[in-house]
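Got the structure open in your viewer? Then let's take a walk around, one selection at a time.

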Amino acid sequence: MTAAPTTPQQQALDVLKRVWGYDAFRGVQADIVRTVAGGGNALVLMPTGGGKSLCYQVPSLLRPGVGIVVSPLIALMKDQVDTLRQLGVRAAFLNSTLSLEGVREVESALLAGELDLLYVAPERLLLPRTLELLGRAPVALFAIDEAHCVSQWGHDFRPEYGQLGVLPERFPHIPRLALTATADERTRADILRVLGLEGAPQFISSFDRPNIQYRVAAKEGPKSQLLDFIRGEHPGDSGIVYCLSRKSVEETAKWLQAQGVDAVPYHAGLSPRERNTAQERFLNEEGLIVVATVAFGMGIDKPNVRFVAHLDLPKSLEGYYQETGRAGRDGLPSTAWMVYGLADVVNVRRMLAQSAAPEDVRRVEAAKLDALLTYCEAATCRRQVLLSYFGETLPEPCGNCDVCLAPPRVRDATREAQMALSAAIRTGNRFGAAHLTDVLLGRDTEKVRAMGHHQLPTFGVGRAHDEKTWRGLLRQLVSLGYLAAGEHHGLSATAKARPLLRGEETLHLREDTLAPRPARDRSAR
Ligand code: ADP
Ligand code: ZN
């Protein structure tokens, strides 16, 4: 150490050592602490597990007054405060779980200057009474955690967060620190605008999580694929399995239990007590699997989650990154595993097509969905695709994703794509994948006959391939936007398909969806 013991840097390190027992800051933490402790504002973009908490906790101890932490995670406040108290930090929280008496106690401690850190739920902060109180208390800084919640573009908009502009208005001279683990350009701009942080330094850490292995596979029987994955690669490990609906959460958890896997369900339809029990068990036990909707996980800090599995498509790449980011916080090898299929893709496309949201919102949602599906269909390093979405460039393929480990062969699929697109067009752009597959394979079904589709030139042109191949190809065409999914799951060729149909463009697709017949018999779904 060259610095004299009295420099701000040294003081920060002293606090870090004395209170937390850590010897050094990680990455940009030191710069952030220096900025905020010196009275400046900042935006911090750091992946989950990167160490955001210390960025406001240390400056709160260094500056006179109390650090106010705005957080939507009411369920976790008590734990966070308990942990800090054990370290000797004078911490408290204000939220709806406190009794009237409890609130009074915290308020008088606040006014008496007896607190180092105070966690506040946004709706509580916005109460005139609280704002007035903060006007009279010595405040060291405002830390706005999960700051992406201010943005409607994010996946987690909270109306109260949208009103946090009151902070720069009423307390312009108190430093504000916005922290988030997910923020694309648009969300970032919203955070800066709402919280009055234009011009403030932005600290952006790499989002790469090298210890997480990314894998995406075609859905062929999701439950047994999941079981194979758990048994084969993560027996006895803690993990999270994400499903879209409460029903599939329940079913999957039950099914895993029946197979002798220790699993519990978690979704918003369970009682608070059941949810708490599941969460507590997950945090405290080893080898428990939580099958959950996205309701589970925000703020969960369990270092040794060995895998995160998606049985349904996440909402966006931000959501995917955040959910998979719950794996491997201890830095040890972990897996992000996902299966998805034609029906999933058709569903998400259809939901978007039928959304009643305003045009500009829909455009953003469509772009987010495109990014997600591009990731899913990627024939290049997944980590590169993922990181480039967050504005980061990974110069070399990562060597730790399914594409790098077993490069899929890519093949010219122009002819097959033309066949599939013609089948959609010639049947009137209104039939679903199952019927189109029947037409391509030349299956003489009742529906085919009733519609007269057995007389089309396209009937049976795809006999050289099997059903699974056609479904995989249709999935890719929907994912990549050559086919649109509309009402009743009907598929229609889009404008993007025209050059392909005219032979002005070629299409290269992953060979795994172009298996020639007879493919090994796995029940195609
Ligand atoms: P985030 O809020 O960004 O998800 P946390 O603040 O919860 O991350 O930190 C994640 C983990 O890393 C915590 O267990 C924390 O104690 C640890 N950690 C953070 N910074 C340091 C550091 N400088 N030295 C050692 N451990 C750290
Ligand atoms: Zn890779």
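Below is a series of stops, from the whole chain down to single residues.

**Stop 1: the whole chain**

Before clicking on anything, keep in mind that this is a predicted model. Show the chain as a cartoon and you'll have 23 helices and 17 strands to look at. Turn it around: the C-alpha trace spans about 85 × 50 × 50 Å along its principal axes.

How does the radius of gyration fit with a compact globule? For 525 residues such a globule would have a value near 24 Å, and the chain has 26 Å, which agrees.

Now switch on the surface. The chain exposes about 23,300 Å², and carbon and sulfur atoms supply 51% of that. As for what's hidden, buried residues make up 54% of the 525 residues. If you draw contacts between residues at least 6 apart in sequence, 72% of them join residues at least 24 apart.

**Stop 2: ligand 1**

Next, select ligand 1 and show what's around it. You should find 15 residues surrounding this ligand, and the closest are Tyr22, Ala24, Gly49, Lys52 and Ser53. Colour that shell by class and you get 5 nonpolar, 6 polar and 4 charged residues.

Which atoms of tyrosine 22, glutamine 29 and glycine 51 should you look at here? Try these three:

- In tyrosine 22, go for the side chain: an N or O atom there is 2.6 Å from an oxygen atom of ligand 1.
- In glutamine 29, it's the side chain again, with a polar atom 2.9 Å from a nitrogen atom of the ligand.
- In glycine 51, look at the backbone, where an N or O atom lies 3.0 Å from a ligand oxygen.

Taken on its own, ligand 1 has 570 Å² of accessible area, and the protein covers 74% of it.

**Stop 3: arginine 188**

Move on to helix H10, residues 185-194, and pick out arginine 188. Is this arginine buried or exposed? Arginine 188 has a relative accessible area of 12%, so it counts as buried. Show its contacts and, leaving out residues up to four places away in sequence, you'll see Leu43, Leu45, Ala183, Gln202 and Ile204.

**Stop 4: helix H17 and its cover**

Select residues 382-389 to bring up helix H17. Which of its residues are buried? They are Arg382, Arg383, Val385, Leu386 and Leu387.

To see what lies over them, add some elements from elsewhere in the chain. The cover includes two strands, S8 (212-218) and S17 (508-510), along with helices H14 (317-324), H16 (359-377) and H18 (402-405). Before leaving, step just past the end of H17 to glycine 391, which takes a positive phi of about 80 degrees.

**Stop 5: two more positive phi angles**

Glycine 391 had a positive phi; here are two residues that have one although they aren't glycines.

Go first to the loop between strand S5 (139-144) and helix H8 (159-162), where glutamate 146 is found. Its phi is about 50 degrees. Glutamate 146 has 12% relative accessibility, so it counts as buried.

Then jump to the loop between helix H19 (414-426) and helix H20 (433-441) and select asparagine 429. Here phi is about 55 degrees. With 29% relative accessibility, asparagine 429 counts as partly exposed.

**Stop 6: serine 479**

Now select helix H22, residues 467-479, and look for serine 479. Why does this serine count as buried? Because its relative accessibility is 2%, and the cut-off for buried is under 20%. Skipping residues up to four places away in sequence, serine 479 touches Val345, Arg349, Leu373 and Glu377.

**Stop 7: histidine 488 and proline 499**

For a residue out on the surface, try histidine 488, in the loop between strand S15 (483-485) and strand S16 (491-493). At 66% relative accessibility, histidine 488 counts as exposed. Draw a line from its C-alpha atom to that of leucine 352: the two residues are 136 apart along the chain, and the line covers 13 Å.

Last selection: proline 499, in helix H23 (residues 498-501). Outside its neighbours within four places in sequence, proline 499 is in contact with Glu504 and Glu505. For another line to draw, go from proline 499 to alanine 367: they're 132 residues apart in sequence and 22 Å apart in space, C-alpha to C-alpha.

Technical notes
Residues numbered from 1 in each chain as written. Chains lettered and ligands numbered in written order. Predicted model: local features only at pLDDT ≥ 70, side-chain atom pairs only at ≥ 80, totals over all residues. Heavy atoms only, no water. Near = heavy atom within 4 Å. Polar contact = N/O pair within 3.5 Å; in protein donor to acceptor, adjacent residues only side chain to side chain. Areas by Shrake-Rupley, 256 points an atom, 1.4 Å probe, with all protein chains shown as cover. Nonpolar A, V, L, I, M, F, W, Y, C, P; charged D, E, K, R; others polar. Helix = DSSP H or I, 4+ residues; strand = E, 2+ residues; numbered from the N terminus. Buried < 20%, exposed > 50% of the residue type's maximum accessible area, 1.4 Å probe, protein only. Contact = heavy atoms within 4.5 Å. Rg over C-alpha atoms; globule rule 2.2 N^0.38 Å.
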